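Thanks for coming. I have one structure to go through today, and I will take it residue by residue before I get to the sheet and the core. Here it is on the screen.

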Amino acid sequence: MISIKLLFISLFALISQPEKVFVERDGVVIIQAESVEYDSQWVLETKAEGYTGEGYLTWNSKNRFNKPGSGTLVFQVFVHNPGTYYLQLHNFHDHPNRTESNDLYTRINEGDWIKTYSHINKRWTWHTGFDINHVWGLLPKFELNAGLNSIQLSGRSKGFSIDKLALVVAEKLSMETWKAQPESEQVDIKNHEIIPAEALKILNK
Ligand SMILES: [Ca+2]
């Protein structure tokens with residue numbers, strides 16, 4: 001049973017942040033990278049076939065090897081089923097060295113920025129790994145709370161491209177079905193009639 005206090009925190013967070021919120025269903029959230037606001041350091045491209053949606057975002061600014069927080073993309077997610085989730089980035093880079101031009105930064109719920117990379121090049125892939133304090137090969141997993149959560153991505157290596165991202169509950173990661181799911185439903189915060197209903201579902205779980 002979720003606490004009343006947490007419910008109110010979630011409601012406040014939803015009401016106070018006029019942004020799109022993507023709703024988790026059955027342990028999966030799918031978001032197109034180009035669905036959120038992005039600045040001119042990212043370029044919307046379509047030349048690498050295999051993307052979905054309207055295109056993909058490529059980091060076209062300088063390398064930010066020691067400076068997270070540039071061109072931050074903010075993905076707000078409303079979670080019904082809290083627990084351990086994996087971040088999977090549908091990504092692409094064509095650098096001849098698969099360890100170059102292959103990463104960005106990730107931040108979950110205002111925590112530390114985490115270097116997040118892919119070691120597959122020249123094709124679209126879901127390969128995603130965390131590198132924390134120079135320990136690479138870590139699984140890209142973390143806890144998501146019931147209610148509102150934020151996932152942030154910021155640029156690191158020039159030429160790294162993101163088509164979409166998935167958040168997948170641990171129990172479902174090995175299933176292939178989530179890879180083909182369409183983008184998750186979005187809650188229009190200004191149409192706040194939906195908020196009490198969604199919150200009630202969580203309260204009654
Ligand atoms: Ca896309």
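I start with Asn109, which counts as partly exposed because it has 14 C-beta neighbours inside 10 Å. Please keep in mind that this is a predicted model. Asn109 sits in the loop between strand 7 and strand 8, the latter being residues 114–117. Its backbone deserves a look: phi of Asn109 is near 50 degrees, a positive value in a residue other than glycine. As background, most residues other than glycine have a negative phi.

A second residue has a positive phi as well. His134 is not a glycine, yet its phi is about 70 degrees. His134 belongs to the loop between strand 9, residues 129–132, and strand 10. Is His134 buried or exposed? His134 is exposed, because only 6 other C-beta atoms lie within 10 Å and the cut-off for exposed is 12 or fewer.

Back to Asn109, and across to Gln76. These two are 33 residues apart in sequence, and their C-alpha atoms are 9.6 Å apart in space. Gln76 lies in strand 5, residues 73–79. Gln76 has 21 C-beta neighbours inside 10 Å, and therefore it counts as buried.

Strand 5 takes us to the sheet. Which order do the strands of the open sheet follow? There are 8 strands in the order 10-9-8-7-12-5-1-14, with mixed pairing. The edges are strand 10, residues 135–138, and strand 14, residues 186–187, and each of these pairs on one side only. Strand 5 pairs with strand 12, residues 147–155, in the antiparallel sense, over 7 bridges. One bridge to point at joins Val74 to Gln152 in strand 12. In general terms, strands of a sheet pair through backbone hydrogen bonds.

Now strand 2. How many of its residues are buried? The count is 5 of 5, so to speak of strand 2 as mostly covered is fair. Val28, Ile30 and Gln32 point one way from the strand, Val29 and Ile31 point the other way, and all are buried. Strand 2 pairs with strand 13 in the antiparallel sense over 5 bridges. In that pairing, Gln32 has Lys164 of strand 13 as its bridge partner.

Next, the core. The largest nonpolar core has 39 residues, and those touching the most other members are Val29, Val77, Leu165, Ala166 and Leu167. Elements giving two or more residues to this core include strand 2 (28–32), strand 5, strand 12 and strand 13 (161–169). Strand 13 gives the most, with 6 residues. Leaving out residues up to four places away in sequence, Leu167 touches Val29, Val77, Tyr85, Leu87 and Leu144. The general background is that in soluble globular proteins nonpolar side chains tend to be buried together.

For the protein overall, the secondary structure comes to 2 helices and 14 strands. Of its 205 residues, 34% count as buried. Among contacts with a separation of 6 or more, 75% join residues 24 or more positions apart.

Last, confidence. The mean pLDDT is 88, and 82% of the residues reach 70 or more. Residues 14–18 have a pLDDT below 50, and beyond near neighbours in sequence this stretch has 8 contacts in the model. Where pLDDT is low, the predicted coordinates should not be read in detail.

That is what I have.

Technical notes:
Residues are numbered from 1 along each chain as its sequence is written. This is a predicted model: local features need pLDDT of at least 70, side-chain atom pairs count only at pLDDT 80 or more; totals for chains, interfaces and linings use all residues. Helices (H or I, at least four residues) and strands (E, at least two) are DSSP runs, numbered from the N terminus. A residue is buried if 20 or more other C-beta atoms lie within 10 Å of its own, exposed if 12 or fewer, and partly exposed in between; C-beta atoms are placed from the backbone. Two strands pair if DSSP finds at least two bridges between them. A nonpolar core is a set of buried Ala, Val, Leu, Ile, Met, Phe, Trp, Tyr and Cys residues joined through C-beta atoms within 7 Å. Two residues are in contact if their C-beta atoms, placed from the backbone, lie within 7 Å. pLDDT is the predictor's confidence in each residue, from 0 to 100.
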